[in-house]
Amino acid sequence: VPGIKGGICQRCGSEIPDGVYDEWGKRYCRSCLTFGHVNETTVLYRQVRPLSTVRHRLVPAFPPTEEQQRAGAYVRERIVPGGRGFVHAVCGAGKTEMLYDGILYALNEGFRVCLAIPRKDVVRELAERLIPIFPDTTVKALFQGSHDDAGAHLLVSTVHQLINFHQEFELVVIDEADAFPYRGDAFLHALVKKAMKPDAALIEMSATPEVNTAKDAYFLPARFHRRPLDVPVVEYVDGLAEAVRGGSIPATVSVWLKNGGHPRKAI
């Protein structure tokens with residue numbers, strides 16, 4: 001396909017403004033220039049990449065909680081043509097575990113699944129976690145510096161790397177949908193849309209969504225072990241450094257330690 005068609009970049013979907021010409025006098029795309037030069041004479045190649053047929057299995061490291069099961073059912077119900085869902089769960093609630101049943105269903109339907117995350121370090125870590133959980137599934141990680149996505153049934157990718165795909169995924173999950181740089185970035189949102197098939201399902205997840213979150217959302221306000229988040233408390237202890245250097249512990253700190261680290265009990 002031509003790199004630019006009808007004033008639209010066919011790689012990233014950005015509109016090419018009038019008067020933007022490169023050194024050869026050709027209109028070119030500045031939006032995705034960091035991925036390489038695309039102008040009116042560029043030819044882009046798209047290919048159909050069939051996946052191997054596999055009966056996928058799920059081997060979770062531990063059974064899900066009742067709350068995770070309910071959230072998982074919500075996700076599964078929205079994996080339909082054009083389905084949309086939003087999971088709002090606090091840090092530590094186990095958002096990834098909530099996806100397992102839905103991902104398994106999608107994989108066994110023959111879908112190609114993408115789990116997209118804004119940060120590269122999380123991509124590598126999550127891909128390593130998912131490999132033993134889906135032992136018969138080809139799981140690949142895609143980020144800057146790693147470009148092996150061959151045969152991947154389940155792709156864990158940075159959002160930026162979705163520029164390499166055109167209408168390829170039947171299910172896309174955006175983790176940390178509230179995080180930089182995805183939040184509010186029209187360019188990255190366009191990459192996600194371009195990577196999805198026209199009738200693909202989209203699930204977004206966040207611990208801190210914007211106020212205007214879609215009404216169709218599942219809210220889980222507790223971590224999986226049901227204990228509240230730790231809230232730091234600042235306590236002033238006069239002469240702490242001098243006391244420690246002198247080999248003693250101030251009475252306030254001593255009481256705090258004996259009470260299991262609860263500073264409010266030391267007052």
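## Reading burial and salt bridges in a predicted model

Biologist: Which residues is His153 in contact with, leaving aside its neighbours within four places in sequence?

Modeller: In this predicted model, His153 is in contact with Leu51, Ser52, Val54, His56, Leu107, Phe111, Arg112, Val113, Thr137 and Thr138, its neighbours within four places in sequence left aside. His153 sits in the loop between strand E5 (139-142) and strand E6 (154-158).

Biologist: Is His153 buried or exposed?

Modeller: His153 counts as buried because its relative accessibility is 3%, and the cut-off for buried is under 20%.

Biologist: Where do the buried residues of helix H1 lie around the axis?

Modeller: An α-helix has 3.6 residues a turn, so residues three or four places apart point the same way. In H1 (residues 66-77), the buried residues are Glu67, Gln68, Ala71, Gly72, Tyr74 and Val75. They lie on the same side of H1, because their arc around the axis is only 155°. Their cover includes strand E3 (84-89), helix H2 (95-108), strand E8 (196-206) and strand E9 (218-220). Exposed Glu66 and Glu77 are on the face turned away from the buried side.

Biologist: Which residue forms a salt bridge with Arg112?

Modeller: Side chains of opposite charge can pair when their charged atoms come close. Here Arg112 pairs with Glu168, with the closest N and O atoms 2.2 Å apart. This pair links distant parts of the chain, 56 residues apart. Both Arg112 and Glu168 are buried.

Biologist: Which residues are linked with Arg112 in a network of salt bridges?

Modeller: The network links Arg49, Arg112, Asp149 and Glu168. The structure holds 12 salt bridges.

Note on methods. Residues numbered from 1 in each chain as written. Predicted model: local features only at pLDDT ≥ 70, side-chain atom pairs only at ≥ 80, totals over all residues. Heavy atoms only, no water. Helix = DSSP H or I, 4+ residues; strand = E, 2+ residues; numbered from the N terminus. Buried < 20%, exposed > 50% of the residue type's maximum accessible area, 1.4 Å probe, protein only. Contact = heavy atoms within 4.5 Å. Expected span 1.5 Å × (residues − 1). Arc of directions from axis to C-beta. Salt bridge = Lys/Arg side-chain N within 4 Å of Asp/Glu carboxyl O.
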